[in-house]
Amino acid sequence: MRHFLFLAAMALLFFVVPKSSFAQERFNLQEKSNHHFYFSAAVAGEQADIMLESGIPALLVGRDFYERVLQNSGLTFEPSERQIRLLNDVYKIPFRAEGKVTVGNLVFDGPVFVLDGFPGISMPIQYLKMADGKKAFISLDFQDKIMTVNAQKPDVEGEKFKLRIDKKMGFPIVRSVLKMKTEDGTVNLKGDFIVDFGNPELLFLMAQRKDVDKAMKSGKLTLIDILDPETFEVIGNVIKTESTVVCGRKFEGKWVAVTDKMLDIEQLGFLGIPFFQKTVVFDFSGGEMIVQ
């Protein structure tokens, strides 16, 4: 009898353990005063608060962190004369590298830029992989402030969107119809959106796009100036919508920003943090975004 119970227990263990032993990393997200989200992990062995990103082309670190940690991490850094614009700030890139950097029990596998005068660390999570270098499935929920990284695709249902990586800049991109209803009418646009976890607004549209310009000239979209509270200079423009539908989700009474400061961006716009208040699953390697 004991022998039979032992074999039954072993059989149960054989079938149960593999199912629960898939690697998983779970991070609590913290929203800071700049309206960006951060998670804590050891980067190349040193604990750090990391700004969660996707709309940047590389892991961005300041020179101090580079000299203190990454310079001796095994990465091969080369001199650079490039610059990078992050909204209104432009930074010099004195050094850059390509390779693997440990992030807790995961690994970042992609480009690394050292920026002069840059505070903190910003990480595009589309380059995150499991510790063994295999692809990771990332679930984000900004409402509950949780990021989960799995070795196996989560069993979730939702609308699926094809996800691709821009070859030039490394951004994750999804294609969608955008429907904006204002008090002056309704505008439908279709195009590519950069998934940008560093964008605190629902949407940033590119003013240089002909379809955006045409929509504004139609009279159905009215630009409202945003003024600097100290200088009263115009620093941006927004559109007040009654409803906005993008990637299968509808948002009531949102402001949609329009910018003319990113002339090298060819996509229709940037999809930001408010879109991800409910769980979205990303398979960056397999090219799929699942919106629940």
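Salt bridges come to a count of 13 in this structure, which is a predicted model. Three of these pairs are set side by side here, each with its nitrogen-to-oxygen distance.

| Pair | Distance, N to O |
|---|---|
| Arginine 63 and glutamate 67 | 3.9 Å |
| Lysine 135 and aspartate 283 | 3.5 Å |
| Aspartate 211 and arginine 209 | 2.8 Å |

Let us begin with the pair in the top row. Arginine 63 and glutamate 67 share helix H2, which spans residues 63–68. They are 4 residues apart there, about one turn of the helix. Arginine 63 has a relative accessibility of 29% and counts as partly exposed. Glutamate 67 is also partly exposed, with a relative accessible area of 43%.

The pair in the middle row joins two separate stretches of the chain. The side chains of lysine 135 and aspartate 283 meet at 3.5 Å, N to O. Lysine 135 belongs to the loop between strand S10 (128–130) and strand S11 (137–141), while aspartate 283 is in strand S23, so this salt bridge ties together parts that lie 148 residues apart in sequence. How accessible are the two partners? Lysine 135 is partly exposed, at 35% relative accessibility. Aspartate 283, in contrast, is buried at 8%, because the cut-off for buried is under 20% relative accessible area.

Aspartate 283 deserves a further look. Its strand, S23, covers residues 280–283. If neighbours within four places in sequence are set aside, aspartate 283 has contacts with Lys135, Phe137, Leu163 and Glu288. Lys135 in that list is the salt-bridge partner already described.

In the bottom row of the table, aspartate 211 pairs with arginine 209. Aspartate 211 is partly exposed, with 23% relative accessibility. Elsewhere, salt bridges link Glu46, Asp64 and Arg68 into a network.

Now for the aromatic side chains. The model holds 15 aromatic pairs. In one of them, the rings of phenylalanine 275 and phenylalanine 276 have centres 5.1 Å apart and planes at 80°, so this pair is edge-to-face. The cut-off behind that label is an angle of over 60 degrees between the planes. Phenylalanine 275 and phenylalanine 276 are both buried.

Which aromatic cluster do these two residues belong to? Phe275 and Phe276 are part of one that also includes Phe37, Phe142, Phe197, Phe251, Phe282 and Phe284. Phe282 is the sequence neighbour of aspartate 283, and strand S23 runs over residues 280–283.

Charged groups also meet aromatic rings in this model. Arginine 249 places its charged end over the ring of phenylalanine 275, at 5.1 Å from the ring centre. Phenylalanine 275 thus has an arginine over its ring as well as an edge-to-face partner in phenylalanine 276. A further case involves lysine 32, which lies over the face of tyrosine 38 with 4.4 Å to the ring centre.

Finally, we come to the surface. Where is there a nonpolar patch? Leu227, Phe232 and Val234 form one, and together they have about 320 Å² of accessible area. Of these residues, valine 234 is located in strand S18, which spans residues 234–240. Valine 234 counts as partly exposed, with a relative accessibility of 48%.

Terms used: Residues are numbered from 1 along each chain as its sequence is written. This is a predicted model: local features need pLDDT of at least 70, side-chain atom pairs count only at pLDDT 80 or more; totals for chains, interfaces and linings use all residues. Side-chain values use heavy atoms; hydrogens and water are left out. Rings of Phe, Tyr and Trp (its six-membered ring) pair if their centres lie within 6.5 Å; planes under 30 degrees apart count as stacked, over 60 as edge-to-face and the rest as tilted. Buried means under 20% relative accessible area, exposed over 50%, partly exposed in between (1.4 Å probe, protein chains only). A charge sits over a ring if NZ of Lys or CZ of Arg is within 6 Å of the ring centre and within 35 degrees of the ring normal. Patches are made of residues with over 30% relative accessible area and no salt bridge: like charges are joined within 9 Å, nonpolar side chains (Val, Leu, Ile, Met, Phe, Trp, Tyr) within 5 Å. Accessible areas come from the Shrake-Rupley method with a 1.4 Å probe; for residues, only the protein chains shown count as cover. A salt bridge is a side-chain nitrogen of Lys or Arg within 4 Å of a carboxyl oxygen of Asp or Glu. Helices (H or I, at least four residues) and strands (E, at least two) are DSSP runs, numbered from the N terminus. Contact means heavy atoms within 4.5 Å.
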